[in-house]
Amino acid sequence: MDEELGSASVREQLIAAGTAELEAHGIANFSLRRVAAACNISCAAPYKHFKNREEFINSIFTYIKDQLNLLLDQVEKVYPDDPKARLIESCIAYIRFCIANPHFRAVLMLAGGELPLARRVERLVPLCLPEMSREEQEDRGYVIRSVAYGAALMLESGEIEYKESMMQRIRENLARELENK
């Protein structure tokens with residue numbers, strides 16, 4: 001089997017194949033042998049890059065979360081003085097990220113724990129709606145995350161058509177949730 005590629009390249013291939021493996025088989029049935037076969041490398045090769053199965057799976061989760069956080073950080077830099085725009089555009093960026101990387105969304109849901117968008121929403125909702133009680137802010141954050149997660153899933157599955165007019169409607173729905181009603 002071909003292992004002539006540089007270390008970073010093999011590692012990236014392993015993470016990509018591992019992502020597909022997690023989506024297809026879940027954590028419990030995750031197979032390093034299938035991942036290695038998908039990369040056309042020996043069964044021992046993944047152990048040159050990861051200590052064990054658990055470290056490999058955690059590396060996949062970390063890679064995906066890091067990619068999403070990079071994107072969300074870019075959004076925050078574009079709207080430094082406008083928390084509502086940061087929040088809405090972070091949700092839109094999350095949706096686009098999921099559409100562009102359908103395997104990633106599925107694997108993020110397996111990862112458990114807090115998702116990168118959740119932290120941003122928790123931090124930004126109080127800045128957008130300071131006059132609301134903490135409980136009202138939490139409720140509003142839950143609805144905003146539900147819109148983003150649900151829209152990503154519906155767009156990815158084809159239930160709603162992915163086009164700019166739909167993305168604008170999602171923006172408008174998010175903006176309504178940030179009104180003090």
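Read from start to end, the protein chain runs α-α-α-α-α-α-α-α-α. This is a predicted model, in which local features need pLDDT of at least 70 and side-chain atom pairs count only at pLDDT 80 or more, while totals for chains, interfaces and linings use all residues. Residues are numbered from 1 along each chain as its sequence is written, and side-chain values use heavy atoms, with hydrogens and water left out.

**Exercise 1. The whole chain**

Work out how many helices and strands the protein chain has, and what share of its residues is buried.

*Solution.*
- Step 1: Take helices as DSSP runs of H or I with at least four residues and strands as runs of E with at least two, numbered from the N terminus. The protein chain then has nine helices and zero strands.
- Step 2: Call a residue buried under 20% relative accessible area, exposed over 50%, and partly exposed in between, using a 1.4 Å probe and protein chains only. Of the 181 residues, 43% are buried.
- Step 3: For the extent, put a box along the principal axes; the C-alpha atoms fill roughly 60 × 30 × 30 Å.
- Step 4: Count a contact when heavy atoms lie within 4.5 Å. Among contacts between residues at least 6 apart in sequence, 70% join residues at least 24 apart.

**Exercise 2. Helices H8 and H9**

Describe how H8 and H9 pack, and list the residues that make the contact.

*Solution.*
- Step 1: Two packed helices are described by the angle between their axes and the distance between the axes.
- Step 2: Fit the axes as lines to C-alpha atoms over the stretch in contact, with angles from 0 to 180 degrees between N-to-C directions. Helix H8 (residues 134–157) and H9 then pack at about 170°, with axes 9 Å apart.
- Step 3: Angles under 35 degrees count as roughly parallel, over 145 as roughly antiparallel, 65 to 115 as roughly perpendicular and the rest as oblique. H8 is therefore roughly antiparallel to H9.
- Step 4: H8 contributes Arg-140, Val-143, Ile-144, Val-147, Ala-151 and Leu-155, and H9 contributes Met-166, Met-167, Ile-170, Leu-174, Arg-176 and Glu-177.
- Step 5: Ala, Val, Leu, Ile, Met, Phe, Trp, Tyr, Cys and Pro count as nonpolar, Asp, Glu, Lys and Arg as charged, and the others, Gly among them, as polar. The contact of H8 with H9 has nine nonpolar, no polar and three charged residues.

**Exercise 3. Ile-144**

Is Ile-144 buried or exposed, and which residues does Ile-144 touch?

*Solution.*
- Step 1: Place Ile-144 in helix H8.
- Step 2: With a relative accessible area of 1%, Ile-144 is buried.
- Step 3: Leaving out residues up to four places away in sequence, Ile-144 touches Leu-87, Cys-91, Val-121, Val-125, Leu-174, Glu-177 and Leu-178.

**Exercise 4. Helices H5 and H7**

Find the packing angle of H5 and H7 and sort their contact residues by class.

*Solution.*
- Step 1: Helix H5 (residues 83–100) and helix H7 (residues 116–128) pack at about 155°, and their axes are 9 Å apart. That angle makes H5 roughly antiparallel to H7.
- Step 2: On the H5 side are Pro-83, Lys-84, Arg-86, Leu-87, Ser-90, Cys-91 and Tyr-94; they meet Leu-117, Val-121, Arg-123, Leu-124, Val-125, Leu-127 and Cys-128 in H7.
- Step 3: Sorted by class, the contact of H5 with H7 holds 10 nonpolar, one polar and three charged residues.

**Exercise 5. Arg-171**

Which side chain forms a polar contact with that of Arg-171?

*Solution.*
- Step 1: Arg-171 sits in helix H9 (residues 164–177), and Arg-171 counts as buried because its relative accessibility is 18%.
- Step 2: A polar contact is a pair of N or O atoms within 3.5 Å; within protein, one must be able to donate a hydrogen and the other to accept it, and residues adjacent in sequence count only if both atoms are side-chain atoms.
- Step 3: The partner is Glu-89, at 2.7 Å.
- Step 4: Beyond four places in sequence, Arg-171 touches Ile-88, Glu-89, Ile-92, Arg-96 and Glu-164.

**Exercise 6. Asn-40**

Where is Asn-40 found, and what is the value of its phi?

*Solution.*
- Step 1: Asn-40 is in the loop between helix H2 (32–39) and helix H3 (46–49).
- Step 2: Most residues other than glycine have a negative phi. Phi of Asn-40 is positive, near 60°.
- Step 3: At a relative accessible area of 44%, Asn-40 is partly exposed.
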